[in-house]
Amino acid sequence: MDNLVIQALGKINMGILIIDRQLKVILWNGWLERFTGKNKDEVIGRNLLEVCPRFKLNMYQNILQNALYQGQSRFCSSALHKAFILPKENEDEHFYKQNMHVEPLYENGCNYAMIQISDMTNTSTRVYKLKNLIKELDVEYNKVKISEKISKHLSMHDSLTGLPNRRAFNERLIWAINHAERSEGRLAVLFVDTDGFKQINDTYGHEVGDQVLVETAKRLKENIRSTDSVARLSGDEFSIILNQLNDDHDAEVVCEKLGTAFVAPIEVSGNFIHLSLSIGISLYPRHGEEPAELLRYADQAMYRIKKNGKSGYAMYDSQRDQYG
């Protein structure tokens with residue numbers, strides 16, 4: 001039976017050695033022979049500190065003494081310790097990772113300590129690779145999310161002015177109406193069209209025309225509250241949502257402010273271009289409760305300004321604003 005135990009210990013896939021109180025090695029199994037290149041016959045009977053210099057460190061001597069004299073077990077992880085048993089000569093000890101488990105043993109009134117060495121090198125490498133893979137996946141995921149955000153932003157914004165586009169405007173208008181309904185509030189939709197923009201394009205060219213649109217967007221945005229929204233619907237057509245109005249007249253006050261903002265000419269490439277606005281106004285809930293009809297009514301009111309000489313604003317009037 002003893003021979004079978006020795007054979008089994010020689011086959012097991014971990015290092016097992018046993019020392020007595022004088023730190024003499026009395027068991028050195030096959031794994032240790034293969035790993036260190038030291039045969040058991042040249043190790044057994046020798047002092048552990050000679051065979052394995054790493055155990056000269058006070059930390060490990062204390063662990064061995066506690067097992068031999070106090071009966072204390074101890075586990076040391078490869079995550080916090082270097083290799084305990086050094087490999088064959090000409091091999092890099094820093095490559096290896098080992099766990100160590102020290103257990104007290106007793107026989108015929110004598111104390112011994114069993115030291116188990118588990119090779120964690122491949123496991124540590126796999127964990128390291130897995131951590132790197134997780135990190136790479138996390139980086140890739142963040143890149144995808146950023147790309148998705150950019151794509152969504154581009155799909156919801158006008159590439160020239162940076163303003164929300166018609167699609168984004170419709171979503172914001174739906175949200176604004178729902179909020180106004182819950183809070184029993186009111187809002188206004190402004191349909192804004194520049195006057196004479198086609199002539200600007202024809203006279204100065206499309207590059208100048210684009211810069212005029214950029215400046216127009218800037219002035220519109222600067223003259224409404226941060227809680228309001230301005231969007232470019234198409235060409236030189238813009239729309240504005242005025243949220244949380246105290247009075248229907250508030251929308252007309254904003255239109256006056258917008259008109260004043262365009263008194264000063266727009267300077268592009270040394271050209272001073274005068275631009276005016278025609279603005280139509282529809283009110284929620286006074287004129288309607290659906291997004292499409294509010295935008296349509298504001299458009300119709302704007303069209304009346306266009307017919308009557310341009311430059312100004314008008315409130316939607318169901319008796320006068322019918323076309324198409």
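**View 1. Just past helix α8, G205 takes a positive phi of about 100°.** What you're looking at is a predicted model: local features need pLDDT of at least 70, side-chain atom pairs count only at pLDDT 80 or more, and totals for chains, interfaces and linings use all residues. Residues are numbered from 1 along each chain as its sequence is written, and side-chain values use heavy atoms, with hydrogens and water left out. Helices (H or I, at least four residues) and strands (E, at least two) are DSSP runs, numbered from the N terminus. In α8, the buried residues are F197, I200 and N201. Looking down the helix axis, you'd find them within an arc of 100°, so they line one face of α8; the arc is taken from the directions that run from the helix axis to the C-beta atoms. Buried here means under 20% relative accessible area, exposed means over 50%, and partly exposed is in between (1.4 Å probe, protein chains only). K198, Q199, D202 and T203 are exposed, on the face of α8 turned away from the buried side. The cover over the buried residues of α8 includes β6, α9 and β10 (271-273).

**View 2. Helix α5 keeps its buried residues on one side.** Start with length: the 13 residues of α5 (residues 58-70) should span 18 Å at 1.5 Å a residue, and the end C-alpha atoms are 17 Å apart, which agrees. The expected span is 1.5 Å times one less than the number of residues. Buried in α5 are Y60, I63, L64, A67 and L68. These cover an arc of only 125° around the axis, which puts them on the same side of α5. A helix rule of thumb helps here: an α-helix has 3.6 residues a turn, so residues three or four places apart point the same way. N58 and Q70 sit exposed on the other side of α5. The buried residues of α5 pack against β1 (15-19), α4 (48-51), β3 (74-76), β4 (98-107) and β5 (110-119). Right after α5 comes G71, with a positive phi of about 70°.

**View 3. β2-β1-β5-β4-β3 is the strand order of an open sheet.** Its five strands pair in the antiparallel sense. The edges are β2 and β3, each with a single partner strand, so one side of each has no neighbour in the sheet. Ignoring direction, neighbouring strands are turned by 20° against each other on average. Pairing here takes at least two DSSP bridges between two strands. At one edge, β1 and β2 (residues 25-28) share three antiparallel bridges, and I19 has V25 in β2 as its bridge partner. These two strands make a hairpin with five residues between them, and L23 in the turn has a positive phi of about 65°. At the other edge, three bridges join the antiparallel β3 and β4; F75 stands opposite H101 in β4.

**View 4. A second five-strand open sheet runs β7-β8-β6-β11-β12, with mixed pairing.** β7 (229-234) and β12 (312-315) are the edge strands, each pairing on one side only. Twist from one strand to the next averages 20°. β11 and β12 are joined by four bridges in the parallel sense, and G280 has A314 in β12 as its bridge partner. Helix α10 lies across β6, β8, β11 and β12, at about 165° to β11. Axes are lines fitted to C-alpha atoms, for helices over the stretch in contact, and angles run from 0 to 180 degrees between N-to-C directions.

**View 5. The largest nonpolar core holds 32 residues.** A nonpolar core is a set of buried Ala, Val, Leu, Ile, Met, Phe, Trp, Tyr and Cys residues joined through side-chain atoms within 4.5 Å. Which members touch the most others? They are L190, V212, L220, I240, L242 and L258. Elements giving two or more residues to this core are β6 (187-195), α8 (197-204), α9, β8 (237-242), α10 (249-261), β9 (266-268) and β11 (276-284). Leaving out residues up to four places away in sequence, L258 touches L190, L220, N223, I224, I240, L277 and I279; contact means heavy atoms within 4.5 Å. Apart from this core lies another, of 29 residues, including L23, L49, L68 and Y96.
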